[in-house]
Amino acid sequence: MTRIGIAGIAIESSTFSPHRTTVDDFRVTRGADLLARYSFLDPSVEWVPLLHAVSLPGGAVTEETYAALSEEIYARLRSCGPLDGLFFDIHGAMSVVGRVDVEADLIEGIRAVIGPDVLVSASMDLHGNVSHRLARALDLITCYRKAPHTDAWDTRERAVRNLVDRLRDGGKPLKAWVQVPVLLPGEKTSTRIEPARSVYALVDEVEALPGVLDAAIWVGYAWADEPRCQAAIVVTGDDLSVITAQASRLAQAYWDARHDFAFVAPTGSLAECVTQALASPARPFFISDSGDNPTAGGAGDTSWSLRELLGMPSVLAQNTIYAQIVDPAATAAAVRAGIGQQVTVSVGGHIDSGPCGPVPLTAVVEAIDANDPVAGVAVVLGVQGLKVIVTERRKPYHLESDFLDLGLSPRTADLVIVKIGYLEPELYDMAADWLLALTPGGVDQDLLRLGHVGIQRPMFPFDPDMPPPSFTPVSTW
Ligand SMILES: [Zn+2]
């Protein structure tokens, strides 16, 4: 029986965020729990669960955390018996303090145990990065084709199906890899809109060609400061000339579209967005507080936007929801006071104190959820019409139920301001209108003011007048 191991560490982490990700931030699965992650595992294969760890995006992972997780994967590989294949389930934008290109470190560490012959298939987020070292160590490599990532599980299923098929048919596939010196935020590259929609539509075309097994385009990750951070293309298959030509074609298409990528929603400063929202009849009106988006790696406690909102009487007079800010001490103080009581706390700005320190807030405790599986404890602090969600731990507010659980009704609110980039589907469908505020924080959407020094140069848009690159995919390893 064919034996395939499953392992991976999946996180997207910003090196511009002061947050540090530790082992407690990861949901680690082993054994039957790991296998239960996947609904599509072929029963004719013996699946060997090793270790999988996944975390909400955050700041860089501590070296001790990475060492503990990776060493356990290597130890399990040493004792699990011979494998035919390995499914490598990663995000691709993990940063570890003191390392660059840690996914390549991880797969090279795995190769050191399993050797060169075990077929390895990786599934990644299109916001991951693909260095030469990572591509070299993998046999099959693919990524999501949609942002927002409605195809995340389809992608994993495809990575596994291609691996199983290859093990049955025999022979290693060929791969053509090429980087594209363009680094853009995800909020400019949503596949819902042009030009990403058309660029990604080419993936299906290429994949359908004879001699091609899979094609993938990575946008890359803009909030880490490493040489690998840029767009990349990999086409895998059996016809070397076809995969090489098609990798070039996808790279050229991405490059040619570089000037057309624009934010998924109209943008402005927070004050500009609020002014427009208040003047508009559209309700609920959503504003993305994008600089501290926890699902891109923000600390979640950047307090700059909250301070600004508290200073706007016109916002306090509306039915406004602010989701959300992390502050365990303020959350605990609200729980001690109890519902209906007034509290005076200093909120946020402890982890990410760069844009703004803790913000003084005198408010009424309006709701408490003491058992939120992600946030731990979540409370609602009311200041006139402004309802501020404060949480013990970082939590994305992407679903209507996240709000309803706290007695808040975003559908009937005037303004809903969320730490998020592009709106996730439920919020997108609910929003009568939407603006993306370019606020400060660890995942600032204004890349040019972040101060990258470690990325390759020249790079668009950092060097807008750079000469056009020539795309020569690497296909011999
Ligand atoms: Zn992503």
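**A first walk around the chain**

Okay, let's start with charge: the chain carries 37 positive and 59 negative charges, and their mean positions sit 2 Å apart. Keep in mind that what you're looking at is a predicted model.

Now, the overall build. We've got 13 helices and 20 strands in this chain. Put a box around the C-alpha atoms along the principal axes, and that box comes out at roughly 70 × 50 × 35 Å.

So how does the radius of gyration of the chain fit with a compact globule? Well, a compact globule of 477 residues would have a value near 23 Å, and the chain has 23 Å, which agrees.

What about inside and outside? Of those 477 residues, 61% count as buried. On the outside, the chain exposes about 17200 Å², with carbon and sulfur atoms supplying 52% of that area.

Let's look at who touches whom. Take the contacts in the chain with a separation of 6 or more: 74% of them come from residues that are 24 or more positions apart.

Last thing, the domains. Where does the chain divide? Domain 1 covers 3–256, and domain 2 covers 267–444. Their C-alpha centres lie 33 Å apart. As for the contact between them, domain 1 puts in 20 residues and domain 2 puts in 22 residues.

If you want one picture to take away, try this: a predicted chain in two domains, with 61% of its residues buried and a radius of gyration that agrees with a compact globule. That's it from me.

Technical notes. Residues are numbered from 1 along each chain as its sequence is written. This is a predicted model: local features need pLDDT of at least 70, side-chain atom pairs count only at pLDDT 80 or more; totals for chains, interfaces and linings use all residues. Side-chain values use heavy atoms; hydrogens and water are left out. Helices (H or I, at least four residues) and strands (E, at least two) are DSSP runs, numbered from the N terminus. The radius of gyration is taken over C-alpha atoms; the globule rule is 2.2 Å times the number of residues to the power 0.38. Buried means under 20% relative accessible area, exposed over 50%, partly exposed in between (1.4 Å probe, protein chains only). Contact means heavy atoms within 4.5 Å. Accessible areas come from the Shrake-Rupley method with a 1.4 Å probe; for residues, only the protein chains shown count as cover. Lys and Arg count as positive and Asp and Glu as negative; His and the chain ends are not counted. The place of a charge is taken as NZ of Lys, CZ of Arg, CG of Asp or CD of Glu. Domain bounds come from an automatic or database domain assignment.
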